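Here is a walk through one model, with an eye on charged pairs and on how a sheet is put together. Have a look at the structure first, then read on.

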Amino acid sequence: MTLSNGTSDGTIRWGILGTGFIAGLQTQDLNDNGFTVQAVGSRSVDSSKAFAEQHGIATAHSSYEDLVADPLVDVVYIATPHPMHHANALLALNAGKHVLVEKSFTMNAREAQDIVDLAESKGLVALEAMWTRFLPHMIRIRELIADGAIGEVRKVVASHNQSLPQDPAHRLNDPALGGGALLDLGIYPVSFAFDILGTPARITASASMTATGVDRQTAAIFEYDGGAQALVDCELDAASANRAMVLGTKGWIDIEHTWYNPVPFTVHAVDGSVVERYEQSVTSRGMQYQAAELERLVREGATAGTVLPPGETVAVMAAMDQIRKHIGLSYEADRESA
């Protein structure tokens, strides 16, 4: 069985679709924690072979089609750029494979719904690779909030600001490759707000744009019918401490730098005294926990869990669509659905 500590017995076999940086991080965490990485696929045979050699993978496919058709692969991890997730996920699902799809899950909610609908119709798992949701410190935070440790939650504050390559040709700055701060970085605080407070009733947002036409920095306010708020922001050309807080009527939770990684947090009472200090060492980077969740769902014959069900992934993408509408940012995928 898949264990709660993010390990696997290795009987479910993984295929890696894409050979970029994030694919390497996920594959390393899989290898380090007992998962079976059976194959990798790339549009370049040289890239595929190099990745397979680096990570000790048995089979290197020279196309995505060959990877998803591999009878020894049960699950496909999709690690291509955002604009390719929709087609890649549909390709794998139509081949009968479960999918773990990198975030942002797709370019928009329409594409996300396509993937979720196809997975459901085939009885397959389509899980968003929002790895933060499955980390031990986030599980504990949800427990504390449910137990009323900080009273009624009134506000979530979360940032994701990094100083990243400013080359106009880099994918982060290229509209054709889904560039911009929101899809790459903002997805983390947006998803965190959903995790703690659910779907907002209203969203407002503003942004500054790059010369290439994508968002350089974006800030949004989520409003909830009960009066709660979430304040989320992201930026791709200036770094910050990247902390997060959950404020309640009886205290607050302060998640340290960098909050979306496996880091400590402190629960404070309203007078500032420490109620709980949480620290738990995590092996590897921590991306194995989302893989363990997918394997758990597969073993149980389920297509949706409670931590990040498919419907919430679609709702998160719909919120991202709303933010983009506010800031005037559209992509080719939006025009294709018009």
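Salt bridges first: this predicted model has 25 of them. Three pairs are worth picking out, and the table gives their N to O distances.

| Pair | Closest N to O distance |
|---|---|
| Aspartate 74 and arginine 13 | 3.0 Å |
| Arginine 243 and aspartate 254 | 2.8 Å |
| Glutamate 300 and arginine 296 | 2.9 Å |

Take aspartate 74 and arginine 13. Their salt bridge ties together distant parts of the chain, 61 residues apart: aspartate 74 belongs to the loop between helix H3 (64-69) and S4, while arginine 13 is in strand S1. How exposed are these two? Aspartate 74 is partly exposed, at 22% relative accessible area, and arginine 13 is partly exposed too, at 25%.

The salt bridge between arginine 243 and aspartate 254 also links distant parts of the chain, though here the two residues are eleven residues apart. Arginine 243 sits in the loop between strand S10 (229-235) and strand S11 (244-248), and aspartate 254 is in strand S12 (residues 251-255). Is aspartate 254 buried or exposed? With a relative accessible area of 16%, aspartate 254 is buried, because that value falls under the 20% cut-off. Arginine 243 has 38% and counts as partly exposed.

Then there's a pair within one helix. Glutamate 300 and arginine 296 are both in helix H8, four residues apart, which is about one turn of the helix. Glutamate 300 is exposed, with a relative accessible area of 54%, whereas arginine 296 is partly exposed at 29%.

Beyond the pairs, a network of salt bridges links Arg133, Arg142, Asp195 and Glu312.

Now for the sheet. Which strands form it, and in what order? Six strands make an open, parallel sheet, running S3-S2-S1-S4-S5-S6. Strand S3 (59-61) and strand S6 (126-128) are at the edges with a single partner strand each, so one side of each has no neighbour in the sheet. On average, neighbouring strands are turned by 25° against each other, direction ignored.

Strand S1 (residues 13-17), home of arginine 13, runs parallel to strand S4 (residues 75-78), and four bridges join the two. Leucine 17 stands opposite isoleucine 78 in S4. Helix H8 (residues 288-300) turns up again here: this helix packs on the sheet and touches S1, S4, strand S5 (98-101) and S6. The direction of helix H8 makes about 155° with that of S5.

Terms used. Residues numbered from 1 in each chain as written. Predicted model: local features only at pLDDT ≥ 70, side-chain atom pairs only at ≥ 80, totals over all residues. Heavy atoms only, no water. Pairing = 2+ DSSP bridges. Axes fitted to C-alpha atoms, helices over the stretch in contact; angles between N-to-C directions. Contact = heavy atoms within 4.5 Å. Salt bridge = Lys/Arg side-chain N within 4 Å of Asp/Glu carboxyl O. Buried < 20%, exposed > 50% of the residue type's maximum accessible area, 1.4 Å probe, protein only.
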